[in-house]
There are 2 protein chains.
Amino acid sequence: MSIRLVSWNVNGLRAVSAKPEWRWFAENTCDVIGLQETKAMPEQLRPEVASPAGWEAHWASSVVKKGYSGVAVFSRIKPLAVHCELPQPEWQGEGRILHLEFEKFHFFNGYFPNGGAEELDENGKPIPGRFKRVPYKMGFFDAFTAYAEECRKSKPVVVCGDFNIAHRAIDLARPRQNEKNTGFLPEERAFLDRFTALGYVDTFRHVHGDVEGRYSWWSYKMRAREKNVGWRIDYFFVSEELKPYIRDAWIEDDVYGSDHCPVGLELDI
Amino acid sequence: MSIRLVSWNVNGLRAVSAKPEWRWFAENTCDVIGLQETKAMPEQLRPEVASPAGWEAHWASSVVKKGYSGVAVFSRIKPLAVHCELPQPEWQGEGRILHLEFEKFHFFNGYFPNGGAEELDENGKPIPGRFKRVPYKMGFFDAFTAYAEECRKSKPVVVCGDFNIAHRAIDLARPRQNEKNTGFLPEERAFLDRFTALGYVDTFRHVHGDVEGRYSWWSYKMRAREKNVGWRIDYFFVSEELKPYIRDAWIEDDVYGSDHCPVGLELDI
DNA sequence: CTTTGCAGG
DNA sequence: CCTGTAAAG
C-alpha cells in the first residue's frame, strides 16, 4: 500500500484549466493534489474543474485581493478534518495554507509568500537586497513552523507547496547571481536550514541526493525554461518520523502550462 | 483628377498593426488616411507603422490618460498647415482632433467623445438615459462646429471620423431599442440635424440615398457583426460648397481587425 | 513573459 | 468582447 501526492503551482487555475496541459489532472493517478496560486474562487471555474468527479475539493482563496494567491487540495481520500489558513488572524486572508488531517499524517499545502519587489528609497531608487515582503515572508514561515510543530505532536507531518526559497546552491541554476535576490537570500535559506534541522526532510534530496539541474520553476523571461535556468522552490517535506516510508519523490518537469512544474511524493503506508 | 480619403477607428493601433488585417494599410491607394482610437504614442509603434515610407504622419495623442483615444492622419499630400486639437484648452488633452489644411479644403479627422456609461444614483443604480459624458460630448461637438465654421470662411471643409452618433433610424439596426442609449439619444441626433442644416453633407447618404443595413460599427458582444447588428457612426461630411465634387463615398465593411470598419470619400478636385 | 484586475468602449 | 492599463509574480 502506498499513497501518492503531487503539488503544482499553476499560476492561475482559470488559465491552466483552459489549456490542453490540464489533461494532466484527468490523467493523474495520485491520491492527493495540492495546487498553489489558483488565483480564483471555485465558482469562477468550470464545474468539472472546481468539483471533479471522484475527488473531494477544498479551497482557501484570498479575501484581501481578488485574483491573488489561493490554494486548493483535491483528494480521493476523505480527510478527518480540514483547516483553512494558519490559526492566527495575522497570517490569514491571502489563501496560503490548507491543512488536511488524514489518518496517518497531517497534510499541509502551502503557497508561501513571495519576497516581492525591491524597496525603493526616497528618490525612488531600489535598495539592493531589501525586498518589500521578506519580513512578512519570514514571519509567515515562523508562524507556519510553529503550527506544524504543534500538529506534529499528534501525528507526522507532510508539507508540500511553493516555498519561494531555493535551499542550497545546487537548487538553482545561477546561485552566485542570486545571492542578493529574494528566493536565495541568506535569511531565507537560513529558514530552510532551521526547518530541516527540526527534522523536516526534503524528500526529493532524500531520494535523489545531490543530483544537479533539477528545478521546479523557471522565469517566463529570457526563455529560461528551454535553457533550464531554473530554481527548485517547490518541495515535499515530511517530518522525519515518515522518513522510513518515503518510497519515491520526483519532479514532473515534462509538464507545461505554468511557470512551475509539479513535484510529487509516494509514501509507503 | 480626384482625391481619395479614408477614415478608420482602429480600436488600438498597436493591436491592429500586429494583425494580418493591417495589410489594408500597405495595399491602400488613397491619398489621406484618418485613424481614430489609436491608443498609442507614435514611439510605441513599429517604425513602419508610425512613419510609413511615402506618407507624412501626424498625431494627436491623449495626454490626460495613456492608452486612451488618440487620432492620426497619414497623407501622401503635404498639408499647408497642421493643427492638433481644438483651439480652446477646455477641449484639449484627449487627442481627438487633427486639422490639416490642404490647398482646396480644410480636413478634420475627429474622434468625437463617447457618451460613456450610465450615471449612477446614490444607491449605485443606473439612471436610465443619463450618461456620464453626454454633456462633454455635446460641448465638444459645439466647440468643433464653431471651429469648423470659422475655418470654412477661408475654404471648404471635409470632416471624417467616429462621431459616436447614428443620425437617423436607418443608420442603426435596432433604432427602437436604442432610443435611450447614448449614440442615438434625441439630443445627440439633434446635433447632427443642426450640423447638416449648417450645410455639412453626409456624403454616404448623398451617394447612396436611403440604402439600409450599411453600418460602420458592430459591438464585439453577441456576434453582432456576423448578424450585421450595427451602427453607422463613422462619417465623411463635406461642407456643401464641395457637394458638386463628391465622386464617391463608401463603407469598407469587408475590412476586419477592429469593431469599426473604414469609410471613404472620393472628391473630384 | 504571463496571469490576473479594471477602465473604457 | 476586445484594447488598453497596472500589480504581482
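Modeller: Let's start with a term we need: a polar contact is a pair of N or O atoms within 3.5 Å, and within protein one atom must be able to donate a hydrogen and the other to accept it. Keep in mind that this is a predicted model.

Biologist: Thanks! What makes the pairing of the Arg96(A) and Tyr68(A) side chains a polar contact?

Modeller: The two side chains come to 3.1 Å. The cut-off is 3.5 Å, so the pair counts as a polar contact. Arg96(A) sits in the loop between strand 5 (81-84) and strand 6 (97-101) of chain A.

Biologist: Is Arg96(A) buried or exposed, and how do you know?

Modeller: Its relative accessibility is 1%. Buried means under 20%, so Arg96(A) counts as buried.

Biologist: And Tyr68(A), what else does its side chain meet?

Modeller: An N or O atom in that side chain is 2.8 Å from a phosphate oxygen of DNA strand D. That value is also within 3.5 Å, so this is a polar contact too.

Biologist: Which other side chains have such a contact with DNA strand D, and what makes them qualify?

Modeller: Glu37(A) has a polar side-chain atom 3.4 Å from a sugar or linking oxygen of the strand. For Lys19(B), the distance from a side-chain N or O atom to a phosphate oxygen is 3.5 Å. The rule says within 3.5 Å, so both values pass.

Biologist: How many residues surround DNA strand D, and what makes a residue count as near?

Modeller: There are 16, and the closest are Lys65(A), Tyr68(A), Asn11(B), Arg14(B) and Ala15(B). A residue is near if one of its heavy atoms lies within 4 Å of the strand. On the DNA side, 91% of the strand D atoms within 4 Å of the protein belong to sugar or phosphate, and the rest to bases. By class, the protein surface there has four nonpolar, five polar and seven charged residues.

Biologist: Which residues come nearest to the other strand, DNA strand C?

Modeller: Arg14(A), Ala15(A), Lys65(B), Tyr68(B) and Asn114(B) come nearest, out of 18 residues around it. Sugar and phosphate make up 88% of the strand C atoms that come within 4 Å of the protein. Helix 1 (residues 13-16) of chain A gives the most to this surface, with three residues.

Biologist: How do you know that Arg14(A), Lys65(B) and Tyr68(B) make polar contacts with DNA strand C?

Modeller: Let's check each one. Arg14(A) has a polar side-chain atom 3.0 Å from a phosphate oxygen. Lys65(B) has a side-chain N or O atom 2.8 Å from a phosphate oxygen, and for Tyr68(B) the value is 2.8 Å. Each lies within 3.5 Å, so each is a polar contact.

Biologist: Let's turn to the sheets. Why are strand 3 and strand 15 of chain A called edge strands?

Modeller: In chain A, six strands form an open sheet in the order 3-4-2-1-16-15, with mixed pairing. Strand 3 (56-60) and strand 15 (246-251) each have a single partner strand, so one side of each is left without a neighbour in the sheet.

Biologist: What makes strand 3 and strand 4 of chain A a pair?

Modeller: Two strands pair if there are at least two bridges between them. Here five bridges join strand 3 to strand 4 (residues 71-75), and the two run antiparallel. Five meets that cut-off, so they are paired. As one example, Trp59(A) has Ala72(A) in strand 4 as its bridge partner.

Biologist: How enclosed is strand 16 of chain B, and how do you know?

Modeller: Five of its six residues are buried, so the strand is largely enclosed by the rest of the structure. Six bridges join strand 16 (residues 263-268) to strand 1 (residues 2-9) of chain B, and Ser2(B) has Asp268(B) as a bridge partner. Strand 15 of chain B is joined to strand 16 by five bridges, with Ile246(B) opposite Leu267(B).

Biologist: Last one: which residues does the UniProt annotation "active site" cover, and what makes them a cluster?

Modeller: The unreviewed entry lists Tyr111(A), Asp162(A) and His260(A). They are spread over 150 residues of sequence, yet the largest C-alpha distance is 12.4 Å. Asp162(A) belongs to strand 10 (residues 157-162) of chain A. Its relative accessible area is 1%, under the 20% cut-off, so Asp162(A) is buried.

Definitions and conventions: Residues numbered from 1 in each chain as written. Chains lettered and ligands numbered in written order. Predicted model: local features only at pLDDT ≥ 70, side-chain atom pairs only at ≥ 80, totals over all residues. Heavy atoms only, no water. Nonpolar A, V, L, I, M, F, W, Y, C, P; charged D, E, K, R; others polar. Helix = DSSP H or I, 4+ residues; strand = E, 2+ residues; numbered from the N terminus. UniProt positions renumbered as here; feature names shortened; annotations may be inferred. Buried < 20%, exposed > 50% of the residue type's maximum accessible area, 1.4 Å probe, protein only.
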